[in-house]
Amino acid sequence: MRRRLIFILPALVFLGLVAAFYAGLDRDPQLVPSALIGKPVPQFALPALLDGNAGLKTADLKGKVVLVNVFASWCVPCRAEHPLLMRLAKEGLELDGINYKDKPEDAKLWLVNLGDPYKRIGSDLEGTVGIDWGVYGVPETFVVDRAGTIRFKQVGPLSPGVINDTIVPLVRQLSK
Amino acid sequence: MMRLLAFQLVVLFALLARPVLAVQPSEMLADPRLEARARAISEELRCLVCQNQSIDESNADLAHDLRVLVRERLVAGDSDAQAVKYIVDRYGQFVLLKPPVEPATYVLWLSPALLVIFGAAGIIVYLRRRRAQLEPAALSAAEEAELKRLIEEGGP
């Protein structure tokens, strides 16, 4: 019996490794668990990107379920994501933007060319507010609930899958 | 003589060589003590863009911003622990290149010790068993009698 165990054990260990590696196949090692999920939105106040707007500050994110999208005109994945943001805005979701380390004139041109899905846009020229939000790879999108608590964070561009399977159901549930 | 000197110089420079520094002179603090603290802190913080470099080594934009931020916190009067906590509050414990010892990381910290203990136990068990096998078994009664007979006969 013991002798048989010696032969079976390495096979079991091997199968365990296969299972662990297989489970890890679809996981993105670049993805960092956010420290801010379940925490209130950081205290911040950003000047407006567009003239005649009010900018974006902590108090704006209370009382309503809001998506906060961190974007920049120099960011290629942001361009891929933009049509999805336009679609979300058309469907009536409130989107606010943080324009991260961008030249305001470039960002304005971006919005003119691609459309402006945002209700408010704050201009984070130095990227300091981005650090307060734990941003490390643009684009990032946060779901903020009525109490101003961050409920979800997407690092990297949104996809139809994430929007349909995660964001829309979450927003619907939080809006009840 | 010249050759020896050249060799010594090569060895000396090789020993002095350190990775090319990402920290730019413009980022450095004028106070060398504060700057040394900032360097020590930055070496322990992970750059989230490149992930296997510290922010002290990384040329990523975000690493630069975080280096400047650490220095700002120190100038504002933060202790080392406060400055580190400031970053951890925003980016989570993943930014610490050296994970803290706490219930969630016990497995991580204890597994090397456990491996050594299990390995040593395995080796001890194996050696004991082998020694038992090497010691010859006692002679049976029939063998004992045969031996006695042979000795008494005095040679073949």
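The exercises below concern chain B of a predicted model and its contact with chain A.

**Exercise 1.** Describe the secondary structure of chain B and the order in which its elements follow one another.

*Solution.* Begin with the count, which for chain B comes to six helices and zero strands. Then read along the sequence, where the pattern is α-α-α-α-α-α.

**Exercise 2.** State how chain B is divided into domains, and how many Å separate the domain centres.

*Solution.* The division gives domain 1, covering residues 2–98, and domain 2, covering residues 104–153. With the centres taken over C-alpha atoms, domain 1 of chain B and domain 2 of chain B are separated by 53 Å.

**Exercise 3.** Set the radius of gyration of chain B against that of a compact globule of 156 residues, and add the box dimensions and the share of buried residues.

*Solution.* First, a compact globule of 156 residues would have a radius of gyration near 15 Å, whereas the value for chain B is 32 Å. Next, along the principal axes, the C-alpha atoms of chain B fill a box of roughly 100 × 60 × 25 Å. Finally, taking a residue as buried when 20 or more other C-beta atoms lie within 10 Å of its own, buried residues make up 15% of the 156 residues in chain B.

**Exercise 4.** Characterise the side of chain B that touches chain A by its helices and residue classes.

*Solution.* The contact takes 11 residues from chain B and 11 residues from chain A. On the chain B side, α3 (61–75) and α4 (80–91) each supply at least two residues. By class, this side of chain B has six nonpolar, two polar and three charged residues.

How values were computed
Residues are numbered from 1 along each chain as its sequence is written. Chains are lettered from A and ligands numbered from 1 in the order in which they are written. This is a predicted model: local features need pLDDT of at least 70, side-chain atom pairs count only at pLDDT 80 or more; totals for chains, interfaces and linings use all residues. Domain bounds come from an automatic or database domain assignment. Helices (H or I, at least four residues) and strands (E, at least two) are DSSP runs, numbered from the N terminus. The radius of gyration is taken over C-alpha atoms; the globule rule is 2.2 Å times the number of residues to the power 0.38. A residue is buried if 20 or more other C-beta atoms lie within 10 Å of its own, exposed if 12 or fewer, and partly exposed in between; C-beta atoms are placed from the backbone. Two residues are in contact if their C-beta atoms, placed from the backbone, lie within 7 Å. Ala, Val, Leu, Ile, Met, Phe, Trp, Tyr, Cys and Pro count as nonpolar, Asp, Glu, Lys and Arg as charged, and the others, Gly among them, as polar.
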